[in-house]
Amino acid sequence: MQAKKRYLILLSAGACLALLFYLGGVELPAARRSRQDRSRSGYRPEQPWPHYSDPLHGFVPWDQTDTEDYNLHISARQKRDVNRSVYRGKRCRMDSCFDFSLCQKNGFKVYVYPQQKGEKISESYQNILSTIEGSRFYTSDPGQACLFVLSLDTLDRDQLSPQYVHNLKTKVQSLPLWNDGRNHLIFNLYSGTWPDYTEDLGFDIGQAMLAKASIGAENFRPRFDVSIPLFSKEHPRTGGERGFLKYNTIPPFRKYMLVFKGKRYLTGIGSDTRNALYHVHNAEDVVLLTTCKHGKDWQKHKDARCDKDNAEYDKYDYKEMLHNSTFCLVPRGRRLGSFRFLEALQAACVPVMLSNGWELPFSEIIDWNTAAVIGDERLLLQIPTTVRSIHQDKILSLRQQTQFLWEAYFSSVEKIVLTTLEIIQDRVLEHGSRSSLMWNSHPGGLFALPQYSGYLGDFPFYYATLGIKPYPKFTAVIHAVSPLVSQSQPILKLLVAVAKSQYCAQIIVLWNCDKPLPAKHRWPATSVPVIVIEGENKVMSSRFLPYETIVTDAVLSLDEDTVLSTTEVDFAFTVWQSFPERIVGYPARSHFWDSNKERWGYTSKWTNDYSMVLTGAAMFHRYYHYLYTHYLPTSLKNMVDQLANCEDILMNFLVSAVTKLPPIKITQKKQYKETMMGQSSRASRWADPDHFAQRQTCMNKFASWFGAMPLVHSQMRLDPVLFKDQVSILRKKYRDIERL
């Protein structure tokens, strides 16, 4: 009996062993040695059909499989070496590879290494360094720095490029502050070279952060690196052109549904997707054009389709296609990123991304699902059906968001660099970082400074989103520069008129006069508090400091010689409540382009066209005091203080740059201009003969810093209901305005 059991056990074990051999689950040592020998000799077996017993593997993107061209050109050892050399700090995060203690004392300051003799810098990298040096983050003292940026050009690390910097590894390691890259930021647009275009920078970045274009999600270190867009050397340093949505009508459909025009790579990495575009092209509403005609030896590699593709390619104008298409295809090139991305954003052409594994630009802060269609290279044939199924309301929303993102973060090198720095600053000052709403809604993260407040309701841009209204009272700030010598002076009459307003919470008199403060009994008695503050350094910019005594959202900014009635003040505040993000006021001015002198001009002529409302009698949100003080560069504020002029123009530039909208002019009497010009006070700016010439100079200086002219013309004037109508005066709420 026991013998039978032994035979059955042996028979079962033998059957199981035979079955394992049959299914390939056990490999004989001899067979393993034979396979290793063939592998060493260069033998590469055909990919076998999978056995049914093979485990199911997750679907891996094509650019990560072992059977594509990329991996044919680079061995496993080479890939491993690349990852070790470039991404030795692949596990780096802010808490492990960044020294926060450097930022605690002086805040978020950025130091740029001085340029070394004999080192050439490309124009694009010079634009990046100039932007940092001109920003509010810059410090020339490395002891105060929180972040360090190399003066060595790291943008183009393609060894075949004329911009390639040799011996960069040695140069970087010799920097006295390098410290294995800790607290350093490295900018890069191009990495790797033909034929593999890896993400190798050619030197060990250590623990440095990367601000890199075309970065793969596999190598991207979340909340440590920053993915930036690929931009050309022609990309403007400041300003940049506006988006093109304003030239289009609704509904949002255009001549073409989907377009692309670009190079076709016949071999190598990045060739698969572009080689397959002809399957989708129909020459009607889907126009996807490629050409083989690029490179020195393209004819050696041309295929049977090249001549036909080249002929079709030449029939279409790229800009005409771009501006007349609803969707623009953005397939990968040799690298993951493409110039087509920024071109599509600017043209209000919704990008259709076909670049598997690309970490999209500023993905940490931007919700790209609201501005782009994220496609899959493996599902190319489904793209036309997908975009046709998108409702026109969604299309309009996508296109509007492309315009916002373009103008907020991508239209210039300056905005790309500042966005990068603001992202890093949010990580460093995490308790004061921006919310997703701030980054993804107007006016964007660059103009919404979280240091001002952590509550969205304290900003003038989010009232509608939050469903709230601004505080129903205002604070008047009267700028006083003349001594108080008579009880009949305009400032005292103005103070009484403003204090009678039902919406006035308090009055602040900013005393910027060289004479001592008047005694309290010299000021008239009022029903609201009157606070007299001595101006800081007696300079003009002090009128826009974010004083803690201003507790209301609205600020009524007044010159000492302004003449306004209580009714005019009430009406101004009522209008402002409907437009809290804009300047609302009385005295209007305008700008124009002088083609003879090729410069901007300033005019005070009485016309129906205006682009500025002077802050001598204007209402605006108190946040603009903070933005004026902390966002604008010291150079512009110093200019204003030296001239004792132009602070009102600078505030208009700032608010229009933020809102992309003109100010709002409200009812005023025509005598207002003569009243202002007729003041006999020596301290009055209107008595200065150089006043007008200085303002012309200011206009051009400010436009130069902003990179473009932010002021917007308007012909809208808001009057009270029934204003000047031939009806009983008793039916009019603001009846006193007509008598003035």
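This section describes the confidence, pockets, cavities and selected residues of a predicted model.

The mean pLDDT of the chain is 85, and 83% of the residues reach a score of at least 70. Two stretches with a pLDDT below 50 are noted here. One covers residues 76–80, which have 5 contacts in the model beyond near neighbours in sequence. The other covers residues 673–683, for which the corresponding number of contacts is 16.

The largest pocket holds about 1,400 Å³ of space. It is lined by 43 residues, and those closest to its centre are Tyr197, Lys263, Tyr265, Arg334 and Arg335. Two or more lining residues come from each of helix 7 (123–133), strand 8 (256–263) and helix 10 (298–301). Among the elements, strand 8 contributes the most to this lining, with 3 residues. Sorted by class, the lining of the largest pocket comprises 15 nonpolar, 15 polar and 13 charged residues. The largest pocket lies between domain 1 (77–228) and domain 2 (256–411), because both domains give residues to its lining.

The second largest pocket has a volume of about 1,000 Å³. Its lining consists of 46 residues, and Glu414, Leu418, Phe447, Tyr631 and Trp705 are the ones nearest its centre. Six elements are listed as giving two or more residues to this lining: helix 7, helix 15 (392–410), helix 16 (413–428), helix 21 (623–630), helix 22 (634–643) and helix 25 (691–706). Helix 16 supplies the largest share, 5 residues. The lining of the second largest pocket divides into 21 nonpolar, 14 polar and 11 charged residues. Helix 7 is thus named for the largest pocket and again for the second largest pocket.

Enclosed space was examined as well. Rolling a probe the size of a water molecule over the atoms shows where empty space is left. The model has 7 cavities of 30 Å³ or more. The second largest cavity has a volume of about 40 Å³. Its lining is formed by Val259, Phe260, Lys261, Tyr318, Leu322, Cys328, Leu329, Arg340 and Ala344. At least two of these residues are supplied by each of strand 8, helix 12 (318–322), strand 10 (325–331) and helix 13 (340–346). Strand 8 provides the largest share of the cavity lining, 3 residues. By class, 7 of the residues lining the second largest cavity are nonpolar and 2 are charged, with no polar residue. Strand 8 also gives the most to the lining of the largest pocket.

Burial was examined in one helix and in single residues. Helix 20, which spans residues 566–578, is mostly covered, with 10 of its 13 residues buried. The buried residues of helix 20 are Thr566, Thr567, Glu568, Val569, Asp570, Phe571, Ala572, Phe573, Val575 and Trp576.

Valine 110 belongs to strand 1, which runs over residues 110–112. Its relative accessible area is 0%, so valine 110 counts as buried. Beyond neighbours within four places in sequence, valine 110 is in contact with Ile132, Phe137, Tyr138, Thr139, Leu147, Val149 and Leu421. Valine 110 and phenylalanine 148 are 38 residues apart along the chain, yet a separation of 5.7 Å is found between their C-alpha atoms.

Three features of the backbone were also noted. The peptide bond that joins histidine 442 to proline 443 is cis, and its omega is near 5 degrees. Proline 443 is placed in the loop between helix 17 (436–440) and helix 18 (463–466).

The other two features concern positive phi values in residues other than glycine. Asparagine 179 has a phi near 50 degrees and is located in the loop between helix 8 (168–173) and strand 4 (184–188). With a relative accessible area of 53%, asparagine 179 is exposed. Phenylalanine 362 likewise has a phi near 50 degrees, and its place is in the loop between strand 11 (350–354) and strand 12 (373–374). Phenylalanine 362 is buried, with a relative accessible area of 1%. Of these two loop residues, then, asparagine 179 is exposed, whereas phenylalanine 362 is buried.

Methods
Residues numbered from 1 in each chain as written. Predicted model: local features only at pLDDT ≥ 70, side-chain atom pairs only at ≥ 80, totals over all residues. Heavy atoms only, no water. 1 Å grid on protein atoms, 1.4 Å probe; cavity = no way out; pocket = protein on both sides within 12 Å on 5 of 7 lines; lining within 4 Å. Points joined across faces, edges and corners; volume = space filled by probe spheres on them. Helix = DSSP H or I, 4+ residues; strand = E, 2+ residues; numbered from the N terminus. Nonpolar A, V, L, I, M, F, W, Y, C, P; charged D, E, K, R; others polar. Domains from an automatic or database assignment. pLDDT = per-residue confidence, 0-100. Contact = heavy atoms within 4.5 Å. Buried < 20%, exposed > 50% of the residue type's maximum accessible area, 1.4 Å probe, protein only.
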